[in-house]
Amino acid sequence: ISDEVTLTVSVPRAVLSVSPQTWLTEGDPVTLICEVNGSSTGWTFSWFTETVSSDYRYRYDLLSDSSRGAGGNYTVSSAAPKHTGVYVCRAERGKPAYNTTISNTQLICVTGVSPPVSLIVSPSRTQHFTLVSLSLSCEDQTKSTGWTVRRYTERWGLEDCSSSVWGSQTGSTCTISSTIPYDTGVYWCESESGDKHHPVNITVHFGVILESPVHPVTEGETLTLRCLDQFSTPPNLRADFYKDGSLIQNQTTEMIISTVSKSHEGFYYCKHPERGESPKSWISVTASSRRSGPDGFDPVIVGVTAGLTVIFLIIVFLVLLCRYRNNKGSFSALLTL
C-alpha cells in the first residue's frame, strides 16, 4: 500500500468585472469581462441580465446579441439607457459540459442625454437621513403610463417597488415610509416593456449628510451645497467642504459655485469637527447645449457677432453714400451759379 496523497478539488467560479466604469453617459463604450478563478483555458462564456418578476422571483435572460465563445468579453460600443441593469456571466467547458455557478452581479447605469422620463426624488437630494419618508416618482414627458421604480442595493440586490416590502407604489410614485441605511443604492424608472431611464444614486445615512442636486449640473449653472445634521435645529451646519479629498472651503453654512464647469465634477462631502462627516456624493457636470466650436468659441455668439458686424458695416456704407450724394449735389449747384 502506497503513501497517502491529499487530493484537493476546487470549484471554479466565474468572476465578472466592468471596464472602464459602471456609471456611463449615453454613447459611452463599455465591456463586460468574465474570468474563471484559477483557470484560463478551454472555457466558453455566456452573459445574462438579471430580472425580477412580479412574484419576486429572479430570472436570468441570455443577452440576445451575445455569442458564446472562447473570448471572455462582451462589448457594447455605444451604451443606451436600455442597457441599464444588472448583469452576470457563466463559463462552461469539457464534455460532458461543466458549468460554473452564476458570477457575481455587476450593475451598469446609463444616463440619457435628454431622458424622456425623469426620476423625481423628494426631498430633492441624493443623501437622506434615516427614519424619514422618501418619495420617488417617474415623471414622463410623453404622458405614458406603466412606469415602476426599481433599485439595486448591495444588501438586497435587484428589487421592484411594486412587489416588495421596502416600499409601496401608487401609480408611478414609490414611497419609502421609513428609510434605513440598507436603502442605499441605485434607483431608476422602468416601463412594462423594459425601457429604463434616469438612474440615481441614493444614500441613506445616520447623522450628517451633504445636500447636493439629484440630477447632473449643466455647465454655467450655479451649484449650491449644504451640510445638514439630523439632530440640529435648524439642520444647517457650519462645516468644511471637500472635493476628491481636498479641502476647498472651510467653516461655511453653504458652498456656492456660481459658474460650474467640467473641472468641478467629482466627489464631494462635508465635515463638522463635532458632528462628524457626510458620505461622499458624485457631482456630475454636463455640457451646455450651446457647445463651443473646434477653436473654443461658442458658434451662437460668433454668429450673432458676425451678423451685427455686417449690419453695422451696411449702415456705415449707407451713411457715407448719402453724404457723397449730398456733397455731389451741392457741388453741381455751385457750378450752375
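Colleague: Why does tryptophan 156 count as partly exposed?
Modeller: This is a predicted model, in which local features need pLDDT of at least 70 and side-chain atom pairs count only at pLDDT 80 or more, while totals for chains, interfaces and linings use all residues. Residues are numbered from 1 along each chain as its sequence is written, and side-chain values use heavy atoms, without hydrogens and water. Buried means under 20% relative accessible area and exposed over 50%, with partly exposed in between (1.4 Å probe, protein chains only). Tryptophan 156 counts as partly exposed because its relative accessibility is 40%.

Colleague: Which strands does the loop with tryptophan 156 lie between?
Modeller: Strands (E, at least two residues) and helices (H or I, at least four) are DSSP runs, numbered from the N terminus. The loop that holds tryptophan 156 lies between β13 (148-153) and β14 (157-160).

Colleague: In what order do the 4 strands of the open sheet stand?
Modeller: Two strands pair if DSSP finds at least two bridges between them, and the pairing in this open sheet is antiparallel. The edge strands, each pairing on one side only, are β10 (117-122) and β15 (168-170). The order of the 4 strands is β10-β12-β16-β15.

Colleague: Which residue in β16 stands opposite leucine 136?
Modeller: Strand β12 (residues 134-140) pairs with strand β16 (residues 173-176) in the antiparallel sense, over 4 bridges. Opposite leucine 136, in β16, stands cysteine 174.

Colleague: What percentage of the 337 residues count as buried?
Modeller: The secondary structure of the protein comes to 1 helix and 28 strands. Of its 337 residues, the share that counts as buried is 39%.
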